Amino acid sequence: MKVLSDVVQSVINVGPSVMLPIIIFIVGLIFRVKPGKALTAGITVGIGMIGINLVINLLTTSVGPAAQAMVKRFGFHLTIIDAGWPAVSAGTWAQPISAIMIPIILVVNVILILLNWTKTLDIDIWNYWHMIAASATAYVVTKNWWFAILAGIVYEVAVLIIADKTAPKVEEFYGLEGISFPTGSAAAYGLLGIPIGWVVSKIPGISKWDVDPQTIQKRFGVFGEPMVMGIVIGMLLAALGGYSVPNILKLGMSMGGVMFLMPRMVKILMEGLMPIQEGAQKLLQEKYGNRKIYLGMDAALSTGSPATLATGLLMVPITLFLAIILPGNRVLPFGDLATIPFFAALIVPSRKGNIVHSVISATIVMIFALLMATDFGPTLTSMMHGIVAFPKGASEVTNLDTGGNILNWLVLKVSQLVQPLFN
């Protein structure tokens, strides 16, 4: 098991920009794409992923400190620290159950594809950690391997179903032909956010508030341009953080850059995926008629949409405000504040890019997420104890990505319910 764990960790450590080209090349050969074309496609996807990660790094390293400055400036006093997804991911991979879950997740996905029970082929191995986190949660609570494996499989099936159901909207809104988002956090936030958004859109008065980037651009001209929207939102975040004027302008330009560059990085990645998608569709049509398959990719691709990015950035101060006023919440949002745009990946297309409806829906979802993350604190603290360094002054930690995720929370509740059976 130690050898398997070391091999898995070595593969994970190379990162998606190396892992994805290899996977794309292999998948291309399986779908009868010519080797040269499959190799070029894989390299192009890898380059696109490098570009996306560079822009995401700019996003997180800019928004993260601004959020921390807000926390410090307003003197928030909450007892459970949001340690962020990297810390929880590290705690997940360190659990003994994690090494065997990657091949299990792959095999289950292939079986479901062959049985035509899913249309999503999840090639985003980097984000398998979300599914493994469900197994790790079940294992930490029950110490039972078989129940932990079952929990991870059930979580995977739920995420694949959500990815299948939302794929048409992902294709239509983001222009990502043949792509779905089986990212655990995006799926869970979408599971709550999509029906909540539908209700929001039916509320008299609010139903008529149609504010998307195109409408903003039409009404405000250059001030409605996505990059200018990014500058304005970035300056707002910096001002709330108490930045100096030069640093307010600097953060504004950084967010403008993210808004401008991200769609172009996603376009490069999609150039690489197109030959694989075409090969997959051709092979499936030959064997199964009109059956369609989606390539499961990281929900980070959604940030190529100005509406999704704007919604996520606006949710940063809103989430901090909610944390203060929400009865029963003990979570201090921190590490995952910069990744909130990814949580909105499936909510925004369900609202057709309406930023107002998306923000209202995401705000309601975040209320539940904070309460679930509070409840998840003891378990995630146990999972990460001795594995990752806790933020200064933190005795208990959680996060919004996993702890505020309704799918993981349900796994936690069921695990706690059956735990006495394994004693």
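Select proline 35, which lies in helix 3. The model on display is predicted, and this residue serves as the starting point of the tour.

**Stop 1: proline 35**

Is proline 35 buried or exposed? Its relative accessibility is 53%, so proline 35 counts as exposed. Next, add phenylalanine 25 to the selection. The two residues are ten positions apart in sequence, and their C-alpha atoms are 7.7 Å apart in space. Leaving aside residues up to four places away in sequence, proline 35 touches Phe25 and Leu29.

**Stop 2: glycine 272**

Move now to glycine 272, a residue of helix 11, which covers residues 245-288. Glycine 272 counts as buried because its relative accessible area is 1%, and buried means under 20%. Which residues does glycine 272 touch, not counting those up to four places away in sequence? They are Ala41, Thr44 and Val45. Select threonine 44 together with glycine 272 and display the C-alpha atoms: these lie 4.9 Å apart, although the two residues are separated by 228 residues along the chain.

**Stop 3: helix 3 and helix 10**

Select residues 35-74, which form helix 3, and residues 226-240, which form helix 10. The axes of these helices come within 8 Å and cross at roughly 35 degrees. To view the contact itself, show the side chains on both helices. Helix 3 contributes Val63, Ala66, Met70, Arg73 and Phe74, and these meet Leu237, Ala239 and Leu240 of helix 10. Sorted by class, this contact has seven nonpolar residues and one charged residue, with no polar residues.

**Stop 4: the sheet with order 5-1-6**

Turn next to the strands. Strands of a sheet pair through backbone hydrogen bonds, either parallel or antiparallel. In the open sheet with the order 5-1-6, three strands take part and the pairing is parallel. Select strand 5 (331-332) and strand 6 (397-398); these are the edge strands, each pairing on one side only. Then add strand 1, residues 80-82, which pairs with strand 5 in the parallel sense over two bridges. Which residue of strand 5 is the bridge partner of isoleucine 81? The partner is leucine 332.

**Stop 5: the sheet with order 2-4-3**

Another open sheet has three strands in the order 2-4-3, and its pairing is parallel. Its edge strands are strand 2 (120-122) and strand 3 (179-180), and each of them pairs on one side only. Select strand 4, residues 294-296, beside strand 3: the two pair in the parallel sense over two bridges. Within this pairing, serine 180 has glycine 296 of strand 4 as its bridge partner.

**Stop 6: the whole protein**

Finally, clear the selection and display the full chain. How many helices and strands does the protein have? There are 16 helices and six strands. Along the principal axes, the C-alpha trace spans about 55 × 55 × 40 Å. The radius of gyration is 21 Å, which agrees with the value near 22 Å for a compact globule of 423 residues.

Colour the residues by accessibility to see how the chain divides. Of the 423 residues, 58% count as buried. With a surface representation turned on, the accessible surface comes to about 17,800 Å², and 69% of that area belongs to carbon and sulfur atoms. Among the contacts with a separation of 6 or more, 81% are between residues 24 or more positions apart. The pair formed by glycine 272 and threonine 44, 228 residues apart along the chain, may be revisited here.

Notes: Residues numbered from 1 in each chain as written. Predicted model: local features only at pLDDT ≥ 70, side-chain atom pairs only at ≥ 80, totals over all residues. Heavy atoms only, no water. Axes fitted to C-alpha atoms, helices over the stretch in contact; angles between N-to-C directions. Helix = DSSP H or I, 4+ residues; strand = E, 2+ residues; numbered from the N terminus. Contact = heavy atoms within 4.5 Å. Nonpolar A, V, L, I, M, F, W, Y, C, P; charged D, E, K, R; others polar. Pairing = 2+ DSSP bridges. Rg over C-alpha atoms; globule rule 2.2 N^0.38 Å. Buried < 20%, exposed > 50% of the residue type's maximum accessible area, 1.4 Å probe, protein only. Areas by Shrake-Rupley, 256 points an atom, 1.4 Å probe, with all protein chains shown as cover.
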